[in-house]
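Ready for a little practice at reading a protein model? Have a look at what's shown here, then try the exercises below.

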Amino acid sequence: MICAVNSAQTRRRFAAALADPRAAGVACQLGASETLFGPLPGSGWQFYTSGEEEPPFALGIRGQTALLAGAADAEELAGFLGFLGVSRLRCAGTVPEGWQLRRRYSRMVLPAGEQLPRRELPAGFSLEEQPAVSRVTEFLCRGESLSGDQQTRDCFYSETCTLVNHGRALLWAVRDQAGELVATAGAYALWNKNAYLAGVETARDVRGNGLAGTLVAGLANQLAEQGILAELLCLPELEEFYRQLGFIKQGEVSSYSSPSDSE
């Protein structure tokens, strides 16, 4: 049975699914989102879990995308997601019946208390902590990390502002000598001593200067000093890049698409 998270009992089952080590890779995002947006009916998020006496799972849905941790009935899950119009799922758990593998991601981790080799920005570039979310959104929409359509942009901006304002996200950026934002990275979920790093993007004309690596390493080190485990998901071809920074691989997470998804 799939139940809405709307009571103390359902929240306990949701939390139990996130506490399972097998939820690593999606637990931080799901936990931060449910904590912040769960009490806000107009946030666009919907959260679900298992019925009583069933193995716990945690499911978060926003628009056509979803995150899942734990074991659900594959047939029931496929029907439920289809009914809600969900076409994309990233999960550490059950694959909905009939859904197709889209991508596998490597989970790269810097454990709390450890440090990556320190890196300095090259001359002519400066670090900006806490850049304006509007500028980061605009930059990511021009790059490869975020679709540039207005609905996606508005959703990302609104949600990121809320996360930042409530201490659930932390953004960094690099500016060039002209003051233009040319690289960014962020912890887009902070929850239960875990941080999910994402939005790593560098402008094409300044790539090769080590800006992304410096941002990611510096941000991960700051978090690790605070006792926070920093994790990120990357495509397999980028795994070596993060290994060279000092991250270690701990498992994989996959994304799936529904049979009706034509993209």
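Here come three exercises on this predicted model, each with a worked solution.

**Exercise 1. Strand β5 and its partners**

Work out which strands pair with β5, in which sense each one runs, and whether β5 is largely enclosed.

Solution:

- Step 1: Start with β4, residues 65-70. Six bridges link β4 to β5, and the two strands run parallel. To find your place in this pair, look for A66, which sits opposite L89 of β5.
- Step 2: Now see what goes along with that pair. Together, β4, helix α3 (residues 74-83) and β5 form a β-α-β unit, and the unit is right-handed.
- Step 3: Move on to β12, residues 248-257. Four bridges pair β12 with β5, this time in the antiparallel sense. Here R90 is the residue to look for, standing opposite S255 of β12.
- Step 4: Finish with burial, where the cut-off is under 20% relative accessible area. β5 covers residues 88-93, and five of these six residues are buried, so the strand is largely enclosed by the rest of the structure.

**Exercise 2. Two residues with an unusual phi**

Find out where N192 and K193 lie, what is notable about their phi values, and whether they are buried or exposed.

Solution:

- Step 1: Place N192 first: the loop between β9 (181-191) and β10 (194-202) holds this residue. K193 belongs to the loop between β9 and β10 as well.
- Step 2: Check the backbone. Most residues other than glycine have a negative phi. N192 isn't a glycine, yet its phi is positive, at about 55°. K193, also not a glycine, has a positive phi near 65°.
- Step 3: Compare accessibility with the cut-off for exposed, which is over 50%. N192 has a relative accessibility of 53%, so it counts as exposed. K193 has a relative accessible area of 53% and is exposed too.

**Exercise 3. How α1 and α2 pack**

Describe how helices α1 and α2 sit against each other, and name the residues that meet.

Solution:

- Step 1: Two packed helices are described by the angle between their axes and the distance between the axes. For α1 (residues 8-19) and α2 (residues 27-37), the angle is about 155° and the axes are 10 Å apart.
- Step 2: Put the angle into words. Angles over 145 degrees count as roughly antiparallel, and α1 and α2 are therefore roughly antiparallel to each other.
- Step 3: Add the handedness: α1 and α2 cross in a left-handed way.
- Step 4: List the contacts. From α1 come R11, F14 and L18, and they meet A27, L30, G31 and E34 of α2.

Conventions
Residues numbered from 1 in each chain as written. Predicted model: local features only at pLDDT ≥ 70, side-chain atom pairs only at ≥ 80, totals over all residues. Heavy atoms only, no water. Buried < 20%, exposed > 50% of the residue type's maximum accessible area, 1.4 Å probe, protein only. Pairing = 2+ DSSP bridges. Right-handed = clockwise from strand over helix to strand, strands pointing away. Axes fitted to C-alpha atoms, helices over the stretch in contact; angles between N-to-C directions. Parallel < 35°, antiparallel > 145°, perpendicular 65-115°, else oblique. Left-handed = near helix turned anticlockwise from the far one by under 90°. Contact = heavy atoms within 4.5 Å.
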